[in-house]
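Please look over the sequence and the three-dimensional model below before reading on. The paragraphs that follow go through the sheets, the helices that lie on them and the empty spaces in turn.

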Amino acid sequence: MIIFTDKTGQLGNQLFEFSTFIANALENNSGLLNLFFTDYKEYFVGPTSNHVLPLVKTSLGNQVTDKLIRKLIQSSQVKRLGGSFNRLLRGNGKPLDIHQINSRGKLLLKDGYWFTDYKNFYRYEKQIRSYFTPLNKYTDNITQFISKCRLNHDILIGIHIRKGDYKEFLGGEFYFEEEVYLDKALQIAKLFPDKKVAFIICSNENVDASAFKPLTVYTGLGHFIEDMYTLAQCDYIVGPPSTYTMWASFYGNKPLCKIFQRNQVINIEDFKRDYGY
């Protein structure tokens with residue numbers, strides 16, 4: 001069994017990291033305990049039930065017990081003990097492939113971040129998608145919204161405008177104004193000259209859709225789960241480097257184009273499915 005001793009980043013980062021260890025657990029028929037998915041588990045089918053992946057747990061069944069166990073396994077003494085017995089998987093921010101780690105019949109502690117398992121991740125992608133399927137109340141809203149947007153349109157392009165934290169993240173390197181996204185949208189529209197194209201804009205801040213005239217633009221539902229999985233239902237996705245859009249690309253099996261620079265020219269070859277990080 002592998003036990004998480006911490007969490008990494010926000011939703012996208014946590015989804016990819018958790019999924020990486022789910023793939024390892026399935027490959028080795030081993031247990032996995034992640035008591036640190038607390039901010040997001042209530043939104044998904046897997047963590048809110050015990051039958052999707054029985055070996056994967058996000059709770060021990062009692063909030064008080066969960067809190068006590070979280071505090072215990074976060075302690076320096078437990079991590080030191082785990083390291084002494086070679087039972088600590090320590091991530092230092094550099095890619096660490098856990099493909100060769102067999103957790104069956106062992107007790108391992110996951111600490112730190114940037115763990116990968118590129119081989120098993122896609123081997124178990126069906127189970128991962130099933131586990132992280134949003135609850136019906138979210139998927140129903142998304143289905144209705146996408147159906148409305150697809151009326152009279154051949155192609156839907158999802159645009160993720162990442163504001164908020166991106167103004168400071170990496171010195172604002174990937175913080176772009178609306179006019180930059182408009183330029184990219186106009187470029188993308190020209191890639192499909194014989195199609196009726198519409199754009200769905202999702203953002204962590206309010207966006208003025210009128211700034212994207214003369215394009216046909218819809219704004220997302222506004223809930224961070226619904227927006228992520230709305231992007232997954234689009235035909236193509238575009239946005240700055242972010243595990244938020246990378247997860248949408250993976251979950252929906254849809255090609256993603258990352259915007260790295262304001263003057264970037266977008267070609268159809270730039271859209272590719274992405275496995276996080």
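**Two sheets and the spaces beside them**

In strand β6, L109 is the residue that stands opposite I3. The two strands concerned, β1 (residues 2–4) and β6 (residues 108–111), pair in the parallel sense, and 3 bridges hold this pairing. Before going further, it should be said that the model is predicted; the mean pLDDT of the protein chain is 91, and 96% of its residues reach 70 or more. Among the elements of the chain, helix α8 (residues 224–231) has the highest mean pLDDT, 98, whereas α3 has the lowest, 89.

The pairing of β1 with β6 belongs to an open sheet of 5 strands, whose order is β3-β2-β1-β6-β4 and whose pairing is parallel. At the edges of this sheet stand β3 (56–57) and β4 (88–90), and because each has a single partner strand, one side of each is left without a neighbour in the sheet. Helix α1 lies across β1, β2 (32–33), β3, β4 and β6, and its direction makes about 165° with that of β1. Following β6, in the loop between β6 and β7 (115–116), comes W114, a residue other than glycine that nevertheless has a positive phi, near 75°.

The strand residues I3 and L109 also lead to an open space, for both are among the residues that line the second largest pocket. Which other residues share in this lining? They are L72, I73, V78, L81, G82, F85, R87 and L107, and the pocket that they help to enclose holds about 180 Å³ of space. Helices α2 (63–74) and α3 (76–84) each supply at least two residues of the lining, with α3 giving the largest share, 3 residues. By character, the lining of this pocket divides into 8 nonpolar residues, 1 polar and 1 charged. The reader may wish to keep in mind that α3, which gives this largest share, is also the element with the lowest mean pLDDT.

A search for enclosed space gives a further view of the model. Rolling a probe the size of a water molecule over the atoms shows where empty space is left. Over the whole structure, 1 cavity of 30 Å³ or more is found, and the volume of the largest cavity is about 40 Å³. This cavity is lined by F4, D6, K7, T8, Q14, E17, F18, N34, F36 and F37, with helix α1 (residues 11–28) giving the most to the lining, 3 residues. The helix that lies across the strands of the sheet is thus also the one that gives the most to the lining of the largest cavity. Here the residues divide into 4 nonpolar, 3 polar and 3 charged.

A second open sheet, again of 5 strands with parallel pairing, has the order β10-β9-β8-β11-β12. Its edges are formed by β10 (216–219) and β12 (256–258), each of which has a single partner strand, so one side of each is left without a neighbour in the sheet. On average, and with direction ignored, neighbouring strands of this sheet are turned by 25° against each other. Strand β11 (residues 236–239) runs parallel to β12 and is joined to it by 3 bridges, and within β12 it is C257 that stands opposite V238.

Helices pack on this sheet as well. Helix α9 (residues 243–252) touches β8, β11 and β12, and its direction makes about 160° with that of β12. Helix α6 (residues 136–150), for its part, lies across β8 (155–161), β9 (197–203) and β10, running at about 170° to β10. In the loop between β9 and β10 lies P214, and the peptide bond that joins K213 and P214 is cis, with omega about 10°.

How far does E178 lie from L81, a residue 97 places away along the chain? The separation of their C-alpha atoms is 51 Å. L81 is one of the residues that line the second largest pocket, whereas E178 is found in helix α7 (residues 178–190). Residues up to four places away in sequence being left out, E178 touches K163, V207 and F212.

Note on methods:
Residues are numbered from 1 along each chain as its sequence is written. This is a predicted model: local features need pLDDT of at least 70, side-chain atom pairs count only at pLDDT 80 or more; totals for chains, interfaces and linings use all residues. Side-chain values use heavy atoms; hydrogens and water are left out. On a 1 Å grid over the protein atoms alone, a cavity is a set of points where a 1.4 Å probe fits but cannot get out, and a pocket is an open set with protein on both sides within 12 Å along at least five of seven lines; lining residues have an atom within 4 Å of a point. Grid points are joined across faces, edges and corners, and a volume is the space filled by probe spheres set on the points. Helices (H or I, at least four residues) and strands (E, at least two) are DSSP runs, numbered from the N terminus. Ala, Val, Leu, Ile, Met, Phe, Trp, Tyr, Cys and Pro count as nonpolar, Asp, Glu, Lys and Arg as charged, and the others, Gly among them, as polar. pLDDT is the predictor's confidence in each residue, from 0 to 100. Two strands pair if DSSP finds at least two bridges between them. Axes are lines fitted to C-alpha atoms, for helices over the stretch in contact, and angles run from 0 to 180 degrees between N-to-C directions. Contact means heavy atoms within 4.5 Å.
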